Amino acid sequence: MPQYAQAMGAEVRKKTFTRAQRTRYRERLNENLETFEDFLSNGHFAASGTIGVELELNLANEDFTPAMRNTQVLESIADEAFQTEIGAFNIELNHPALDVSGRGLRELEEGLRAQLNHADARADEVGADLLMTGILPTLRPEQLQDPDWMSTGKRYAALNTSVLQARGEDVLIDISGQERLRFYAPTIAPEAACTSVQLHVQLSPAEFAPAWNAAQIIAGPQIALAANSPVFLERVLWHETRIELFKQSIDTRAPEMRAQGVRPRVWFGDRWITSIFDLFEENVRYFPALLPELAGRRPQKTKAGAPYLHELRLHNGTVYRWNRPIYDPGVEIPNLRLENRLLPAGPSVLDTVANAAFFFGLVRRLRTSQRPLWSRMAFGTATENFLACARDGLHATVYWPGVGEIPVSELIVRHLIPLAAEGLADLGVEDAVAARYLDVLRERARTEQNGALWQIQSLERLEERGLDRRHALVEMTRLYWDHMHHSGPVHEWPLP
């Protein structure tokens, strides 16, 4: 199976752009959009069924503080499957695409383990450890002021400059959860704290809209199950703080723009869709370009006749939907993918693949339903569910069609896991493979111990023993690292 292209995150040639470049880019975007609409109607796309995974990782020193050495780590790993992320203490792993049917999910688990074991051994040679967690708990305020916080590369510098220019002032981070954190950041460095898992599923044009709608409606329960980011800059905030932190850290809106209802760059959306085109059209209509780099004199089409649409794809990579549409012109045949971006990294490889099984199975089951759930739920309710689950994790209460208000853990066990099982069976996943991952999810929901709750309760216990917050976070992260390597799924992790 091929590895999916990384065009949206491709390097750019410049760090700043002129007004003339922005004007021409806007014109090219509209031209791309017209071409894309025509190609959706007349083009031939790859069949559905293929899946892919991207996993972002934190780098830590021996004392579990952030290791600002991703260049050295990547040189040591020497594998093109590993790439930089915006933070110098982050890297990203790209697993090759594979077929979900049969033993595909088990192959994904085995492949991720092999890649991570190799990378971990090579990172150790340059004094760094890999951690799979949504936010590194030991990250401190002074480390986001470090002039070397950002990875090398013009794309990251250009993105930082464009966000700050559009905003016109420093970035305000203001999050209230179990505790409150409020400060101004002079750069978009807080965004680098957010490490995630991105799940890809390949779809035909006709399948895309119901799959996206299904992904939106399950986003709340999905994030409740997987929450793993409760601590940022030594404060306990949301169970999945990453959701609100990412939104605020690259918000291009000044306060006046927010008051006027201008859409944020990190966006859940505001309506159900009827076509993938709806999302690309919204991107062009609502969001000014952050990286307005023109394609230049490149070929306009692949050898197979698929348009490259460089500007449209680059722009799509700077509109941070939690469920993002992807058009990939490919090499031999183009494909459409749904990229699910809302999950945090970790806690373990088994947990990660179980989270993927939940997503792939539920999306399959719900998108093929005779009476779609989104015809019975207001989009605003799906948004409220999503935010409630990000704040409260498996302790949240949500609304579900035909059920009403229900604790999300009960909804997952009684209703969603059985639906995911039906979807996985429909995808041709072997029964024993599906059971392996659904059993993990069932026990996690039943015990309500996801990564976030384990971190929160572990920190409380360590502080009760007399450790101050900073030392308790270091010890909690050390225990997390040890369990990540040597224990089972997170619901089995003992508290200190």
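**Figure 1. Who sits around N323 in this predicted model****.** Setting aside residues within four places in sequence, N323 is in contact with W212, A215, Q216, L338, E339, N340, L342 and F359. N323 belongs to strand β12, which covers residues 323-328. With a relative accessible area of 0%, N323 is buried, the limit for that label being under 20%. For a sense of scale, look also for Q198: the two residues are 125 apart in sequence, yet their C-alpha atoms are 9.4 Å apart in space.

**Figure 2. E311 and its contacts in helix α10****.** Helix α10 takes in residues 310-316, and E311 is part of it. Is E311 buried or exposed? It counts as buried, because its relative accessibility is 2% and the cut-off is under 20%. Residues up to four places away in sequence aside, E311 touches Y25, R28, L29 and N32, along with E293, L294 and A295.

**Figure 3. L309, a leucine with positive phi****.** Slide back along the chain to the loop between α9 (276-286) and α10, and you'll find L309. Its phi is about 55 degrees, a positive value although the residue is not a glycine. Most residues other than glycine have a negative phi. L309 is also buried, at a relative accessible area of 6%.

**Figure 4. L233, another leucine with positive phi****.** Here the spot to look at is the loop between β8 (231-232) and β9 (235-236), where L233 is placed. Phi for L233 is positive, about 50 degrees, and again the residue is not a glycine. What is the relative accessible area of L233? The value is 7%, so L233 is buried.

**Figure 5. F232 and the largest nonpolar core****.** The largest nonpolar core has 161 residues, and F36, L105 and F232 are the ones that touch the most other members. Helix α11 (residues 349-367) gives this core its largest share, 12 residues. Zoom in on F232 and, leaving out residues up to four places away in sequence, you can pick out what it touches: I135, L139, L144, I173, L181, F183, P190, A193, L237, T241 and L245.

**Figure 6. The loop leading from β13 to α11, with S348****.** S348 is found in the loop between β13 (335-344) and α11. With 3% relative accessibility, S348 counts as buried. Which residues is S348 in contact with, once neighbours within four places in sequence are left aside? They are M132, G488 and P489. W322 is 26 residues from S348 along the chain, and the C-alpha atoms of the two are separated by 22 Å.

**Figure 7. A cis peptide bond between G346 and P347****.** P347 is also placed in the loop between β13 and α11. Check the peptide bond running from G346 to P347: it is cis, and omega is near 0 degrees. Most peptide bonds are trans.

**Figure 8. S176 in strand β5****.** Strand β5 covers residues 171-176, and S176 is found in it. Is S176 buried or partly exposed? It is partly exposed, with a relative accessible area of 46%. If you want a partner to show in the same frame, try R235: the two are 59 residues apart along the chain, and their C-alpha atoms are separated by 9.8 Å.

**Figure 9. Stepping back to the whole protein chain****.** The secondary structure comes to 16 helices and 15 strands. The radius of gyration is 21 Å, close to the 23 Å that the globule rule gives for 496 residues, so the chain is as compact as a globular protein of that length. Its C-alpha trace spans about 65 × 50 × 45 Å along the principal axes. Of the 496 residues, 60% count as buried. Take the contacts between residues at least 6 apart in sequence: 75% of them join residues at least 24 apart. On the outside, the chain exposes about 19000 Å², and carbon and sulfur atoms supply 47% of that area. As for charge, there are 53 positive and 65 negative side chains, and the centres of the two sets lie 6 Å apart.

Notes: Residues numbered from 1 in each chain as written. Predicted model: local features only at pLDDT ≥ 70, side-chain atom pairs only at ≥ 80, totals over all residues. Heavy atoms only, no water. Helix = DSSP H or I, 4+ residues; strand = E, 2+ residues; numbered from the N terminus. Rg over C-alpha atoms; globule rule 2.2 N^0.38 Å. Buried < 20%, exposed > 50% of the residue type's maximum accessible area, 1.4 Å probe, protein only. Contact = heavy atoms within 4.5 Å. Areas by Shrake-Rupley, 256 points an atom, 1.4 Å probe, with all protein chains shown as cover. Lys, Arg positive; Asp, Glu negative; His and termini not counted. Charge placed at Lys NZ, Arg CZ, Asp CG, Glu CD. Core = buried A, V, L, I, M, F, W, Y, C linked by side-chain atoms within 4.5 Å.
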